[in-house]
Amino acid sequence: MPSVIVLDDLSQEGLDLLDAAPGITYEVRTGLKGAELRDALRQFDGAICRSGVKLTADILEGNTRLRAVVRAGVGTDNIDKDAATRAGIVVMNTPAGNTISTAEHAIALMLALSRNIAPAYQSLVEGRWDRKKFMGAQVAGKTLGVVGLGRIGLAVASRAHGLEMNVLGYDPFMTAEQAGKLGIELLPSVADMLPRVDYLTVHTPLTEETKNLISDAQIEQIKPGARLINAARGGIYDEAALAAGLKSGKLAGVALDVYPEEPCTDSPLFGMEGVCCTPHLGASTEEAQTQVAVEAVELLSAYLNTGA
Ligand code: MLT
């Protein structure tokens, strides 16, 4: 009978589905690290994780029992996929479940930046009623640049249209005709987008191509007063360059949900004026967590029971 280890918190609906899965047993063992994690994984046929555990080569190598790991979420960057392949472990993800929640979070960050929501509330907490200080910007009629027009990027673009924004897009896998049908003006490069954007949001994985996609040179080219949002992966924006851009006044705002190293409690941006940051909450909604958990359990039980 195949057995499954659940390595990170999984929503109750996912656990209920595991309970009901024919011929599968499971154990929830969260917070494992190092040798404990490696040894635990050797006793199971399948594993489900979120981003809390790091399945490095050291952890996976030599595992002759584990057949599959499913990431309840999109990014599999916490799993060493080469090492998994060498050990014969299939790595799967659930790309659709948190699309809407992550897109909504990017929009929430854009609006929070535009209307100074976090510092304005903080000023009230500190006993100040300061209406002048928090003059904001309306997003209607402004231009949003979306880098990466996959599921999440497109969901952001359609919500931006609902806010009456003009949307520019960059995605090497989309044609201008496809984008045009979605009301997006496709540009040939990020560089072409920069002088025109009031807001920039990225929705790509972190790869060699996207690492430091926005650094000092790009901030030099960007429209003065632009606001930048990242709810995708830390490292796509160079944080030091963002801090310099804010300090010089070139950028009006930066909102980050993701960081090069997570957990992150110490970024050069924290505490700077014009910054609004959250601790990787893009997919943290009841709805998204239910959906990714259910999708993860369905994928894993199908794979363990039928090999497909
Ligand atoms: C994902 O990759 O699914 C998101 O970043 C959310 C998460 O890591 O939980």
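Helices (H or I, at least four residues) and strands (E, at least two) are DSSP runs, numbered from the N terminus. Residues are numbered from 1 along each chain as its sequence is written. The model is predicted: local features need pLDDT of at least 70, side-chain atom pairs count only at pLDDT 80 or more, and totals for chains, interfaces and linings use all residues.

**Exercise 1. Check the length of helix H5 (residues 99–114) and find what covers its buried residues.**

Step 1. The expected span of a helix is 1.5 Å times one less than its number of residues. Helix H5 has 16 residues, so a span of 22 Å is expected.

Step 2. The end C-alpha atoms of H5 are 23 Å apart, which agrees with that expectation.

Step 3. A residue is buried if 20 or more other C-beta atoms lie within 10 Å of its own, exposed if 12 or fewer, and partly exposed in between, with C-beta atoms placed from the backbone. The buried residues of H5 include Thr102, Ala106, Leu109 and Leu113.

Step 4. An α-helix has 3.6 residues a turn, so residues three or four places apart point the same way.

Step 5. Contact requires C-beta atoms, placed from the backbone, within 7 Å. The cover over the buried residues of H5 includes helix H7 (151–162), strand S11 (251–256) and helix H12 (286–306), as well as S9, S10 and S12.

**Exercise 2. Describe the backbone at asparagine 116, glutamate 164 and proline 263.**

Step 1. Most residues other than glycine have a negative phi, and most peptide bonds are trans.

Step 2. Asparagine 116 comes just after H5, in the loop between H5 and helix H6 (117–125). Asparagine 116 is not a glycine, yet has a positive phi of about 55°. This residue counts as buried because asparagine 116 has 20 C-beta neighbours inside 10 Å.

Step 3. Glutamate 164 is in the loop between H7 and strand S7 (166–170). Its phi is positive too, about 65°. Glutamate 164 has 11 C-beta neighbours inside 10 Å and therefore counts as exposed.

Step 4. Proline 263 belongs to the loop between S11 and S12. The peptide bond that joins glutamate 262 to proline 263 is cis, with omega near -5°.

**Exercise 3. Write down the strand order of the seven-stranded open sheet and name its edges.**

Step 1. Two strands pair if DSSP finds at least two bridges between them. The order is S8-S7-S6-S9-S10-S11-S12, and the pairing is parallel.

Step 2. Strand S8 (184–186) and strand S12 (275–277) are the edges, since each pairs on one side only.

Step 3. On average, neighbouring strands of this sheet are turned by 20° against each other, direction ignored. Such angles run from 0 to 180 degrees between N-to-C directions, with axes as lines fitted to C-alpha atoms, for helices over the stretch in contact.

Step 4. Within the sheet, strand S9 (residues 199–202) pairs with strand S10 (residues 226–230) over four bridges. Threonine 201 has isoleucine 229 in S10 as its bridge partner.

**Exercise 4. Which strands are joined to S4 by bridges, and which residues of S4 are buried?**

Step 1. Strand S3 (residues 46–49) runs parallel to S4, joined by four bridges. Here cysteine 49 is the bridge partner of arginine 71 in S4.

Step 2. Strand S5 (residues 90–93) is also parallel to S4, with four bridges. Valine 70 stands opposite methionine 92 in S5.

Step 3. Ala68 and Val70 on one side of S4, and Val69 and Arg71 on the other, are all buried, and both faces are covered.

Notes
Contact = placed C-beta atoms within 7 Å.
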